[in-house]
Amino acid sequence: MKRGFYAKLAFTGIRKNKRLYVPYILTCIGMVMMFYIVAFLSYSPVLTGIPGGDTLQMILSLGTGVVGVFALIFLFYTNSFLMRRRKKEFGLYNILGMGKGNLARVLLWESLMIAAVALGGGLLAGIALSKIAELGMVNLLQGEVGFSLTLEPEAILQALLLFGVIFLLILLNTLRQIHLSNPIALLHSENVGEKPPKANWILALMGAIILAAAYYLAVTIESPVETLLWFFVAVIMVIIATYMLFVAGSVVICKVLQKKKGYYYKTSHFVSVSSMVYRMKRNGAGLASICILCTMVLVMLSSTVCLYIGTEDSIRSRYPRNINLDVTVEDLNDMDSKKMDTIRTLSEKVVSENGQSTNNILDYQVAAFAGYMKNGIIETDSSHLVDFQLDYYSDVWQVFLVPLSDYNRLMGEDETLNPDEVLIYTTKSTEYQYDTIAFGDREPLKVKKVVPTFADNGVDAMQVIPSLYIFISDFNATVEPLLSITDLRDQQLIEMHWFYGFDLSGNDAIQIAIQDQLEAAIGQTGLLTDNFHINCEGAAKERSGFYGLYGGLFFLGILLGTVFLFAAVLIMYYKQISEGYEDQSRFAIMQKVGMTKREIKKSINSQILTVFFLPLITSGVHLAFAFPMIYKLLALFSLTNLELLILVTICCYLIFALFYVLVYRITSKAYYSIVSGAREGKI
């Protein structure tokens, strides 16, 4: 054979099947590009030098692994569509005298060409767009960067190694399929369909039951901690149920439609329904995959967009004031009013020296501990507090005992309490459901009222468990008996805190300067001892860390959402193309017996509209039932803005639906052009 014969044959095969190969090659290029951009940003020295960049790069490092694993699975999946179409061609080559060794050489050249184009094009596109991505990330972090284009050799090497291995594995899998097939099987592989499956009512019913159970979990779990524990269980249940319903339930629906004579025996429905039921097992699995990908896109985008937009709300929850002082003592006697006055005076002095004034002052004391609560009794046994079992998580609370006088002063109220009464306030959308509250075996206290709000101290934002504020009339008398409680390390369980904070009108630079000066001034007072600790925190200094975390999640959500969306689109496209070639001969026969192209188009629309929008509708239902869980999970990130989450979720779904309709129009045209024999793009 002439030199370059196999390479020419491989190129000809790709060119003649460009309808299949062009989307596949573009997908490979897109995957390489996405992987390089994420890897580039995870190594970028520009991001490393920006406050919050280290947090973001840690998240992006995890993102490279996710993109890599997804690329492996998805490229294998899409390659199977190509091989199903090409096997007939390979069978013809085999019958004409080419051995399987010769076919292997053709496939090797095809793989090399695709890999070269994908790696070259993907890396070039990734390098070209990496700077734009870097600028976007710096903007998310509110930093500054130059405009010089840089390369990251480590990211390039990772992309070459990963996708080199992926293309090698795809080639080996294809060679295995060719080796195990005989020429006749290859020649007729395109026409091999699946037998019409029977309506599996049991499998469909099981899918409905599992889905109902997952929905029940999503809407009934109240505690954010329980939501965190059960979220992934619910996700797995929804995925399993979706596949069951789309594979078995879709067959059941088709069987039901066939029994409805008024619907089934119409030109626009007869061909489409009979065609769907013939191959619905594979069709249903593809639709389920599209539905799951759509749901993942919607959940990721709505949650990460909401997190990023609500970053300032989260910062405010974690740092209730611009400057926050947390004084920790071990004994009630250390709550010395003179020491507190010294800190207040010192804070005012430092602030005034910088031309600022304190406002919106936060000033109150608490006794804090973690407790396991059941039936209105807070368990104070150390074995329960430190070594509780898994099913106790939903009953673990962070307890704050607060003087009633501090509550009235901060909230502008004038509440009064008897010695045996308390006020209650809870966080993280949890509710206190009992009329009394007791500490261990001590006398229960009556809950006079559950108050709607209180001045947060920032501790609740750092924990996944909800907080329980108990406002008491006699602080010392209530707290002193509890100071003897110890944990398993024989250390005092209850911590005494004094929270003092204030807002400033200056910019971040001024606030950071005041925080640094205040920390230095406190260190020179001699107040700090082993039993008297002061932690000074500022929202301005910590802002970059929040934007690094939420900006990284936002960027990763957009990136993975784009990848999953790309995957869903390609599955839709290949589904329509592969089914178009399968239905071509059937519609050709129908045309010969008198079916017009207009009737073909009507039948196609009936088929596509019957099943194509099921993934979109089902993903919307999944998202609606997942919404309570998403809201509770976001509460763990100190984001409780329900209106924002609702607005973002609705906008994401509507934008996605418009995009989905566009894809539907494009893929239905491709399907019609194949089955009707019309020129591509004309209907």
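Let's start with Glu 152, which is buried, with a relative accessible area of 15%. Buried means under 20% relative accessible area, so Glu 152 falls on that side of the cut-off. Keep in mind that this is a predicted model. To find Glu 152, look in the loop between H5 and H6. Setting aside residues up to four places away in sequence, Glu 152 touches Tyr 36, Phe 40, Tyr 43 and Pro 45.

Now hop over to Ser 314, which sits in helix H13, residues 311–318. Is Ser 314 buried or exposed? Its relative accessibility is 0%, so Ser 314 counts as buried. What does Ser 314 touch, once residues up to four places away in sequence are left out? Its partners are Phe 546, Tyr 550, Phe 637, Ser 638 and Leu 639.

For a contrast, try Lys 8 in helix H1, which covers residues 5–16. Exposed means over 50% relative accessible area, and Lys 8 has 62%, so Lys 8 is exposed. Lys 8 also makes a nice example of how the chain folds back: Trp 109 is 101 residues away from Lys 8 in sequence, yet the two C-alpha atoms are 8.9 Å apart in space.

Step back to the whole chain for a moment. It has 22 helices and 10 strands, and 53% of its 683 residues count as buried. If you take the contacts with a separation of 6 or more, 84% of them join residues 24 or more positions apart.

Next, the inside. The largest nonpolar core has 98 residues, and the members that touch the most others are Tyr 24, Leu 41, Phe 163, Phe 167 and Tyr 660. Several helices each supply at least two residues of this core, among them H2 (18–43), H6 (153–180) and H22 (642–676). Which helix gives the most to this core? That is H19, with 20 residues. Pick out Tyr 660 and, ignoring its neighbours within four places in sequence, you'll find Tyr 660 in contact with Ile 290, Cys 294, Met 572, Phe 612, Phe 613, Pro 615 and Leu 616. There is also a second, separate core, made of 48 residues and including Val 350, Phe 369, Ile 485 and Ile 534.

Let's finish with the way helices pack. Two packed helices are described by the angle between their axes and the distance between the axes. Take H1 and H2: their axes are 5 Å apart and the angle is about 95°. H1 and H2 are therefore roughly perpendicular to each other. On the H1 side the contact uses Gly 13, Ile 14, Arg 15 and Lys 16, while H2 brings Lys 18, Tyr 21 and Ile 25. By class, the residues where H1 meets H2 are 3 nonpolar, 1 polar and 3 charged.

The other pair to look at is H14 (residues 337–353) with H18 (residues 508–523), whose axes come within 10 Å and cross at roughly 140°. That makes H14 and H18 oblique to each other, and H14 passes H18 in a right-handed crossing. Leu 346, Ser 347, Val 350 and Val 351 of H14 meet Ile 514, Gln 517, Leu 518, Ala 521 and Ile 522 of H18. This contact of H14 with H18 has 7 nonpolar and 2 polar residues, with no charged ones. You have already met one of these residues, since Val 350 also belongs to the second core.

Definitions and conventions. Residues are numbered from 1 along each chain as its sequence is written. This is a predicted model: local features need pLDDT of at least 70, side-chain atom pairs count only at pLDDT 80 or more; totals for chains, interfaces and linings use all residues. Side-chain values use heavy atoms; hydrogens and water are left out. A nonpolar core is a set of buried Ala, Val, Leu, Ile, Met, Phe, Trp, Tyr and Cys residues joined through side-chain atoms within 4.5 Å. Buried means under 20% relative accessible area, exposed over 50%, partly exposed in between (1.4 Å probe, protein chains only). Helices (H or I, at least four residues) and strands (E, at least two) are DSSP runs, numbered from the N terminus. Contact means heavy atoms within 4.5 Å. Axes are lines fitted to C-alpha atoms, for helices over the stretch in contact, and angles run from 0 to 180 degrees between N-to-C directions. Angles under 35 degrees count as roughly parallel, over 145 as roughly antiparallel, 65 to 115 as roughly perpendicular and the rest as oblique. A crossing is left-handed if the near helix is turned anticlockwise from the far one by less than a right angle, and right-handed if clockwise. Ala, Val, Leu, Ile, Met, Phe, Trp, Tyr, Cys and Pro count as nonpolar, Asp, Glu, Lys and Arg as charged, and the others, Gly among them, as polar.
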